[in-house]
Amino acid sequence: MKKSLLLILCGLLAGAAAAWAVMNFVVPGWKRSAVDNTYWPVVSRLDQGGEALAYFHAEEVVRAARELLAGLARNVAALPEERRPQALQGLDMLDMMFAEYGLDELSGVGFSSIAVRPGLHRVRAVFHHRPGRGQGLVWNMMGPAPRPLDELDMLPQGTALAFASDYNLFQLIEWMSRIVPKVVAKGSGASTGPTPEQAMAMMKAGMQAAGIDADRLFKSYGGRLGFLLALDAEKRVSLPAKGKPVSIPEPSLALLVRVNDNYLFDTLKAKLAAMGQPKVSEEKGLKKIAFPALPAPFPLAPVIAQKGEWLVACSRPALAEAILNQGSPRLARSADFKAMADKLPRSGNGFGYVSSLLPRLLGQVLRENVAGSSTSAGLAKIISFLEKCKGFCQVWENSDQGLVYTINHGFEISSLPGLIEAIVELAAERSKACTAAPAPPPA
């Protein structure tokens, strides 16, 4: 019996090894271009067997762009001497941004679309760079590897729009300290500008003059930012508009910052306390800086709060408590969100979410204020499209070979021709209206 189990186990291991070898060595070799491209690394991240799949070798496009810039530079050299410096300066800056941003490291782009279930589609977009490259800004603004998306558990029930992402401010500041001196030098016509070290020192000196320790602030920042809009369907507010006032669910806004310590909160508290307006409090680990209510069409009583590793700036205290109090109802546990996020990656470097309520709300605003009693055919079709929109949810991942975006949406490709037709009709109607408008009287 033991011998039979051992043989079965050995057979399973051998089969798994053979399957791995076939997928990694045999399959990629079946059809391979005579040009060294990135087809297999890109396509392996896409959904195959769906309704759409595309790949193109971006390195060829990058080479063509480089050749185009070189050709333009040769043409500029033939311009009259008085026009030549400005044109060359523009081309130099374009070439510099192309390289520093990381676009010249792009090696492959892929796209796929597959139906997760009737009415729900998953789109994947891959932006690939070869291993060992990825030095440009676009590849380094987000975290180096996917992680659990625990920010999703912070979104309160009623969230209509949300965005959260790893955001490498250090990388952005370091990039700007290299780019800005070059831009200043080229703009002034000087051969050299401030060094990156000098640019960084000037920035820190400016912050120090404002009473902010730049090194402490950088150390305090936890590398993640977020934003959310919550709508309370049980309460309505009336917003002034061009036509009649628009009644919408009561909105609340929040900005989220992940922090490593209390430095940012304490700095804000010290700066704002000098104004004599905010009320500072702390209870059960929740620190708050509350401001008096402000006159606005919707409830607005700003508050800055911190609990643990998250600092939030909200338009209302109730939203701050809902975000930081884990006992309150959560969007991620709702049936609508689970349906929209079905089969999305559970880890990544950021996510975005738009509920179906927002496009319907936009459709309502257009219907009540732009359309009026004489709704045009094109606008009526666009409003109908918005009112049927189901929103979307997306996750993005960064790795040592580039970026992958995965988006779930309920948009049916069959409705695209109608949407394009509506936009064309609307443009034609606007053009006709402009042509028919009487000319202004002579001055």
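Colleague: Which residue in β14 is the bridge partner of Y353?

Modeller: The model is a predicted one. In it, Y353 has C393 of β14 as its bridge partner. This belongs to a wider pattern: β13 and strand β14 (residues 392-399) run antiparallel and are joined by five bridges.

Colleague: In which sense do β5 and β13 pair, and over how many bridges?

Modeller: Strand β5 (residues 159-166) pairs with β13 in the antiparallel sense, over five bridges. Within β13, G350 is the bridge partner of S165.

Colleague: Are the two faces of β13 covered or open?

Modeller: A residue counts as buried when its relative accessible area is under 20%. In strand β13 (residues 350-354), five of the five residues are buried. G350, G352 and V354 lie on one side, F351 and Y353 on the other, and both faces are covered.

Colleague: How should I read the largest pocket, and which residues lie nearest its centre?

Modeller: Begin with its space, about 470 Å³, and then turn to its lining. Of 24 lining residues, D336, F337, Y353, S355 and S356 lie nearest the centre. Y353 thus appears again, having already been named among the buried residues of β13. The largest share of the lining, four residues, comes from α10. By type, the lining divides into eleven nonpolar, nine polar and four charged residues.

Colleague: What is the volume of the second largest pocket?

Modeller: Its volume is about 400 Å³. Among its 18 lining residues, F385, C389, F411, E412 and S415 are the closest to the centre. C389 is partly exposed because its relative accessible area is 27%. The element that gives the most to this lining is α12, with four residues.

Key
Residues are numbered from 1 along each chain as its sequence is written. This is a predicted model: local features need pLDDT of at least 70, side-chain atom pairs count only at pLDDT 80 or more; totals for chains, interfaces and linings use all residues. Side-chain values use heavy atoms; hydrogens and water are left out. Buried means under 20% relative accessible area, exposed over 50%, partly exposed in between (1.4 Å probe, protein chains only). Two strands pair if DSSP finds at least two bridges between them. On a 1 Å grid over the protein atoms alone, a cavity is a set of points where a 1.4 Å probe fits but cannot get out, and a pocket is an open set with protein on both sides within 12 Å along at least five of seven lines; lining residues have an atom within 4 Å of a point. Grid points are joined across faces, edges and corners, and a volume is the space filled by probe spheres set on the points. Ala, Val, Leu, Ile, Met, Phe, Trp, Tyr, Cys and Pro count as nonpolar, Asp, Glu, Lys and Arg as charged, and the others, Gly among them, as polar.
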